[in-house]
Amino acid sequence: MDFCAIDFETATHEKSSACEMGICVVQDSKIVETKTWLIKPPSFPYFSRFNIAVHGIHPEDVKDAPTFDEVWYEAQEMMYGSLMIAHNAGFDASVLRGCLQHYGMFTPNLNYLCSIQLAKKSWNYLPKYGLKPLAEYHKIDFTHHRAGADAEVCAKISLLAFEKLFLTSNDEVNDYMKAKIKKL
């Protein structure tokens, strides 16, 4: 099983306003690397108070950070050829697309899957499928709404879901989750 889990935190409601990106790489069903980048968004220095209240990232935290286009090539290397998984993947995929479009960058040919859909298939008896309730259910501690930590928990929950569903390869995931896998 090879995939990457990704998570974004944003400065505003704009899809191009990523202020933090986290990627967790899974190879042979093992987490091999998690990396987090603070990002100076195009809206800098403006951050929505609502967004700050969610993730705790302030404009001064990113004043010396690179912009998305300066970190994307390194991030893309980590994701090359992988299935991308995110918790609430529609949001993270739209932020990735928004950032790439803002900087006039090529959108990679990636498939993505939402770990909420995986969790619902794996534990259909749970009352909530947010990242925090799933982490609590599986006794995983993490700092919620920080991109690297969220990406890593997404990867851990995905691995647990694959185990519960007896999915042991990317081909099996593609067959089983075909209707839920989207193109970036």
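1. Is Glu-74 buried, partly exposed or exposed? In this predicted model, Glu-74 has a relative accessible area of 39% and is therefore partly exposed, since that class runs between the 20% cut-off for buried and the 50% cut-off for exposed. Its salt-bridge partner is Lys-35, and the closest N and O atoms of the two are 2.9 Å apart. Lys-35 belongs to strand β3 (residues 30-38) and Glu-74 to helix α3 (residues 68-79), so this pair ties together parts that are 39 residues apart in sequence. Lys-35, with a relative accessible area of 26%, is likewise partly exposed.

2. The model holds four salt bridges by the rule applied here, and two others deserve a comment alongside the one just described. In helix α7, the side chains of Lys-156 and Glu-152 meet in a salt bridge with an N to O distance of 3.6 Å, and because these residues stand four apart in the helix, about one helical turn separates them. Lys-156 is partly exposed at 32% relative accessibility, and Glu-152 is partly exposed with a relative accessible area of 25%.

3. A further salt bridge joins Asp-64 to Lys-63, with 3.4 Å between the closest N and O atoms. Here Asp-64 counts as exposed, at 71% relative accessibility, whereas Lys-63 is partly exposed, with a relative accessible area of 44%.

4. Helix α7 (residues 147-164) also packs with helix α5 (residues 115-122), and their axes come within 9 Å and cross at roughly 35°. The crossing of α5 past α7 is left-handed. On the α5 side the contact is made by Ser-115, Leu-118 and Ser-122, while α7 contributes Cys-154, Ser-158, Ala-161, Phe-162 and Lys-164. By character, the residues of this contact comprise four nonpolar, three polar and one charged.

5. Asp-2 lies in the segment before β1 (3-10) and, at 33% relative accessibility, counts as partly exposed. Leaving aside residues up to four places away in sequence, Asp-2 touches Val-26, Gln-27, Asp-28, Leu-83 and Asn-170. With Asp-28, the side chain of Asp-2 reaches the backbone nitrogen at 2.8 Å. The C-alpha atoms of Asp-2 and Met-79 are separated by 10.0 Å, although the two residues are 77 apart along the chain.

Technical notes:
Residues are numbered from 1 along each chain as its sequence is written. This is a predicted model: local features need pLDDT of at least 70, side-chain atom pairs count only at pLDDT 80 or more; totals for chains, interfaces and linings use all residues. Side-chain values use heavy atoms; hydrogens and water are left out. Axes are lines fitted to C-alpha atoms, for helices over the stretch in contact, and angles run from 0 to 180 degrees between N-to-C directions. Helices (H or I, at least four residues) and strands (E, at least two) are DSSP runs, numbered from the N terminus. A crossing is left-handed if the near helix is turned anticlockwise from the far one by less than a right angle, and right-handed if clockwise. Contact means heavy atoms within 4.5 Å. Ala, Val, Leu, Ile, Met, Phe, Trp, Tyr, Cys and Pro count as nonpolar, Asp, Glu, Lys and Arg as charged, and the others, Gly among them, as polar. Buried means under 20% relative accessible area, exposed over 50%, partly exposed in between (1.4 Å probe, protein chains only). A polar contact is a pair of N or O atoms within 3.5 Å; within protein, one must be able to donate a hydrogen and the other to accept it, and residues adjacent in sequence count only if both atoms are side-chain atoms.
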